[in-house]
Amino acid sequence: MKIAVMGSGGWGTALALVLLENGHEVTLWSYREEESTILREKRENPMLKGVPLPDGLALTSDRECVKNCKVVVLATPSFAVRTTARAVASLLEPSAVLVSVSKGIEKDTSLTLTDAIAQEVGEGHPIVALSGPSHAEEVGRGVPTVVVSASRDKAAAELVQDLFMNERFRVYASDDVVGVELGAALKNVIALCAGICDGMGFGDNTKAALMTRGLTEIARLGVALGGRRETFAGLSGVGDLIVTCTSMHSRNRRCGILIGQGTPAAEAVKEIGAVVEGYYAAATARALAQKAGVEMPITEAAYQVLYGGRDTRAVIKELMTRARKHELEDSWV
């Protein structure tokens, strides 16, 4: 099948290689011609060092590469998903399936990325979210990885499942797009907090508690916005949370480590040198929680540190000394 992957970062490149290995005709699109030229000349992506780009992978910066494609994968950073969808909308095949593989919530609208895409491309295009615990660096090297393909359109979710699946890349299907996308976006906030704890020298006890209670509030908001609770116990929930909170591949965790060591948040984001989705998701998640009337104390604490300039130790003390609670919210009701 003819497929275009829009976005030649590490993740877009890794997924293009999976599709190419599976026998598809794949074009990898770069936003800038300079980036595409580097890929063509070096046959290697600087973000995936040591992973060769086969001659069979077409490389371009011409967005008309989406013409005649049955499937178009949108793999840009979350802030560029809408503009990329808008740029290709008029070039798409009438029933082309769009696959969103970015993780985030649109900053200005608080929409999930599939909803932002839908606004730009209009009716007739099934949209799928592909997500899960999946570092590009490992997918590019063929490390066994498992993700989930979510869509309200069952046929589209299963098509994407079939396109990507092989012996090193397993895909499950789901109809809970809201749950899958929110789990993917909100875990970045918790991963940033995990990095802060690491930077401050805290231990395993702290991180385990943070991840567990972080997942609780992610699920609380996700259910309020229409997701299913069980989704957050799956690959795009706890699975993605584990990998992002514990790995040095995670930009969010690395950024958090810098903040925990005393670097101001805005400087830490710049020092990472790539998009730190959790920094932006903290503000969006807080806004969504306030609108939905959902309590998210860890997210609120992250917001206060990242945007309010609060001292991390003071914020952690406030979290630890909150009024006592029952772990299960319906206990003794």
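# Pockets, cavity and domains in a predicted model

Let me start with the helices around the largest pocket. At least two lining residues come from each of α1 (10–21), α2 (33–42), α3 (81–88), α5 (136–140), α7 (177–199), α9 (235–246) and α10 (251–260). Before going further, note that this is a predicted model.

The volume of this largest pocket is about 1300 Å³. Its lining counts 46 residues, and those nearest the centre are Gly 9, Gly 10, Met 47, Pro 77 and Arg 251. Sorted by class, the lining holds 19 nonpolar, 18 polar and nine charged residues.

Now the domains. The chain is split into domain 1, residues 1–174, and domain 2, residues 177–319. Their C-alpha centres lie 25 Å apart. On the domain 1 side 28 residues take part in the contact, and on the domain 2 side 22 residues do. The largest pocket draws on both: domain 1 and domain 2 each give at least three residues to its lining.

Next, the second largest pocket. The space in it is about 850 Å³. It has 31 lining residues, with Arg 213, Pro 297, Ile 298, Leu 319 and Arg 322 nearest its centre. Two or more lining residues come from each of α7, α8 (204–224), α13 (297–308) and α14 (312–320). Which helix gives the largest share of that lining? That is α8, with seven residues. By class, the lining of the second largest pocket has 17 nonpolar, five polar and nine charged residues.

There is also an enclosed space to report. How many cavities of 30 Å³ or more does the structure hold? The count is one, and the space in this largest cavity is about 60 Å³. Its lining is made of Ser 100, Ser 102, Lys 103, Gly 104, Leu 113, Ala 129, Leu 130, Ser 131, Val 180, Glu 181 and Ala 184. The elements giving two or more of these residues are β6 (127–131) and α7. In classes, that comes to five nonpolar, four polar and two charged residues. At least three residues of the cavity lining come from domain 1, and at least three from domain 2.

On to the annotation. An unreviewed UniProt entry carries the label "binding site" for Trp 11, Arg 32, Lys 103, Ala 136, Arg 251, Val 275 and Glu 277. These positions span 267 residues of sequence, and in space they are spread as well, with up to 22.6 Å between C-alpha atoms. From this set, Lys 103 belongs to the lining of the largest cavity. Arg 251, also carrying the label, is one of the residues nearest the centre of the largest pocket.

Two of the annotated residues can be set side by side. Arg 32 sits in the loop between β2 (25–29) and α2, while Ala 136 is part of helix α5. Are they buried or exposed? Arg 32 has a relative accessible area of 42%, so it counts as partly exposed. For Ala 136 the relative accessible area is 11%, and therefore it is buried. Leaving out residues up to four places away in sequence, Ala 136 touches Gly 10, Trp 11, Ala 14 and Leu 48. Of those partners, Trp 11 is itself in the annotated set, and Gly 10 is among the residues nearest the centre of the largest pocket.

A residue in helix α1 is also worth listing: Thr 13. Its relative accessibility is 1%, so Thr 13 is classed as buried. Beyond its neighbours within four places in sequence, Thr 13 is in contact with Gly 7, Ser 8, Leu 28, Asn 45, Leu 48 and Leu 53. Leu 48 appears here and in the contacts of Ala 136.

Last, helix α10. Why is α10 described as largely enclosed by the rest of the structure? Because eight of its 10 residues are buried. Those are Asn 252, Arg 253, Cys 255, Gly 256, Ile 257, Leu 258, Ile 259 and Gly 260. The elements covering the buried residues of α10 include α7, α8, α9, α11 (265–272), α12 (277–292) and α13. Even so, α10 supplies at least two residues to the lining of the largest pocket.

Key: Residues are numbered from 1 along each chain as its sequence is written. This is a predicted model: local features need pLDDT of at least 70, side-chain atom pairs count only at pLDDT 80 or more; totals for chains, interfaces and linings use all residues. Side-chain values use heavy atoms; hydrogens and water are left out. On a 1 Å grid over the protein atoms alone, a cavity is a set of points where a 1.4 Å probe fits but cannot get out, and a pocket is an open set with protein on both sides within 12 Å along at least five of seven lines; lining residues have an atom within 4 Å of a point. Grid points are joined across faces, edges and corners, and a volume is the space filled by probe spheres set on the points. Helices (H or I, at least four residues) and strands (E, at least two) are DSSP runs, numbered from the N terminus. Ala, Val, Leu, Ile, Met, Phe, Trp, Tyr, Cys and Pro count as nonpolar, Asp, Glu, Lys and Arg as charged, and the others, Gly among them, as polar. Domain bounds come from an automatic or database domain assignment. UniProt positions are given in the numbering used here, feature names are shortened, and annotations may be inferred rather than shown by experiment. Buried means under 20% relative accessible area, exposed over 50%, partly exposed in between (1.4 Å probe, protein chains only). Contact means heavy atoms within 4.5 Å.
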